[in-house]
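Please look through the structure below, and then follow the paragraphs that lead from its pockets to its ligands.

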Amino acid sequence: METKKGKLFVISGSSGVGKGTLLKQLVQKNPELEVSISATTRSPRPAEVDGVNYFFITKEEFLKEVENGEFLEWAEFNGNYYGTKQAWVERNLNKGRNLILEIETNGALQIKKKLPDSVLIFILPPSLEELEHRLRGRNTEDEETIQGRLHEVRREIECSKNYDYTVVNDDLDKALLELERIIKSIIR
Ligand code: ADP
Ligand code: 5GP
């Protein structure tokens, strides 16, 4: 019997909105969901581990992989490159696994074009003030990086119109339940 293909969920939202926090809890509660590990040219943050949070590679390595057609999608974000490996996604979808990509909006729209069955979910902040407060409170970026990330926010939120679902991350537990409800209604 042929294995039923897995579903691909794409989650986006501005820096500091709580994507990482939500996804960590989502996967702890639902270990059958797999999160893709992207390649990036940005430097690791203090607690980040190569091969766990990202595959940290050089710009030269990244561009070579682009040239070799290894990415399902890739984009530049705030001066760094980020990309999703095509082979990993195809292999796991064919095994029937349900996958999650946590990527920015340009990459998400590339995925929707290539794989129209994918489901795009955008995480919104309760307000722009709260978003800035969370981004600063995380204490992982310098001022220039924070300004660069805040600069992207309005464009990204505008882009959420092209998504299948939006979830407001005000109360963390409520946002997690809403995210789970959407995903479970699709993979049921
Ligand atoms: P992202 O992955 O979207 O950049 P993070 O998950 O790193 O964002 O969250 C940014 C900061 O906001 C973290 O310090 C996190 O603990 C905090 N945070 C996340 N969700 C909430 C929430 N619902 N209410 C208050 N703080 C939150
Ligand atoms: P960060 O540097 O905060 O980890 O990520 C910056 C942005 O890049 C976030 O919006 C994150 O979702 C996005 N991102 C992470 N991995 C990928 C990827 O593989 N492709 C794309 N297009 N964006 C990514």
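## Two pockets and two ligands

In this predicted model, a nitrogen atom of ligand 2 lies 2.7 Å from an N or O atom in the side chain of Glu73. Taken alone, ligand 2 exposes 510 Å², and the protein buries 95% of that area. Two further polar contacts involve oxygen atoms of ligand 2: one such oxygen atom is 2.6 Å from an N or O atom in the side chain of Arg42, and an oxygen atom of the ligand is 2.5 Å from a polar side-chain atom of Tyr54.

Around ligand 2 there are 16 residues, the closest being Ser38, Arg42, Tyr54, Tyr82 and Glu102. Strand E5, which covers residues 71–77, and strand E6, which covers residues 80–85, each supply at least two residues of this shell. Sorted by class, the shell around ligand 2 holds 7 charged, 5 nonpolar and 4 polar residues.

Where does ligand 2 sit? Ligand 2 sits in the largest pocket, and ligand 1 sits in the largest pocket as well.

The largest pocket encloses about 1300 Å³ of space. It is lined by 41 residues, and those closest to its centre are Gly20, Arg45, Glu48, Tyr54 and Glu102. The elements that give two or more residues to this lining are helix H1 (19–29), strands E5 and E6, helix H5 (128–138) and helix H6 (143–159). Of these, H1 gives the most to the lining of the largest pocket, with 7 residues. By class, the lining of the largest pocket is made up of 17 polar, 12 nonpolar and 12 charged residues.

We can now turn to the other ligand. Ligand 1 is surrounded by 13 residues, of which Gly16, Lys19, Thr21, Arg138 and Asn169 are the closest. H1 and H5 each supply at least two residues of the shell around ligand 1, and the largest share, 3 residues, comes from H1. The residues of this shell divide into 7 polar, 4 charged and 2 nonpolar.

The polar contacts of ligand 1 reach both side-chain and backbone atoms of the protein. An oxygen atom of ligand 1 is 2.7 Å from an N or O atom in the side chain of Arg138, while an oxygen atom of the ligand is 2.8 Å from a polar backbone atom of Lys19. A nitrogen atom of ligand 1 lies 3.4 Å from a polar backbone atom of Leu172. Taken alone, ligand 1 exposes 570 Å², of which the protein buries 72%.

One more pocket remains to be described. The second largest pocket holds about 250 Å³ of space, and among the 14 residues that line it, Arg42, Asn80, Glu141, Thr145 and Arg149 lie nearest its centre. The elements that give two or more residues to its lining are E6 and H6, with H6 giving the most, 3 residues. By class, this lining has 6 charged, 5 polar and 3 nonpolar residues.

Some names return as one reads across these sites. Arg42 is among the closest residues to ligand 2, and Arg42 is also one of those nearest the centre of the second largest pocket. Tyr54 and Glu102, likewise, are among the closest residues to ligand 2 and are also among those closest to the centre of the largest pocket.

Note on methods: Residues numbered from 1 in each chain as written. Chains lettered and ligands numbered in written order. Predicted model: local features only at pLDDT ≥ 70, side-chain atom pairs only at ≥ 80, totals over all residues. Heavy atoms only, no water. Near = heavy atom within 4 Å. Polar contact = N/O pair within 3.5 Å; in protein donor to acceptor, adjacent residues only side chain to side chain. Areas by Shrake-Rupley, 256 points an atom, 1.4 Å probe, with all protein chains shown as cover. 1 Å grid on protein atoms, 1.4 Å probe; cavity = no way out; pocket = protein on both sides within 12 Å on 5 of 7 lines; lining within 4 Å. Sits in = over half its atoms within 2 Å of the grid points. Helix = DSSP H or I, 4+ residues; strand = E, 2+ residues; numbered from the N terminus. Nonpolar A, V, L, I, M, F, W, Y, C, P; charged D, E, K, R; others polar. Points joined across faces, edges and corners; volume = space filled by probe spheres on them.
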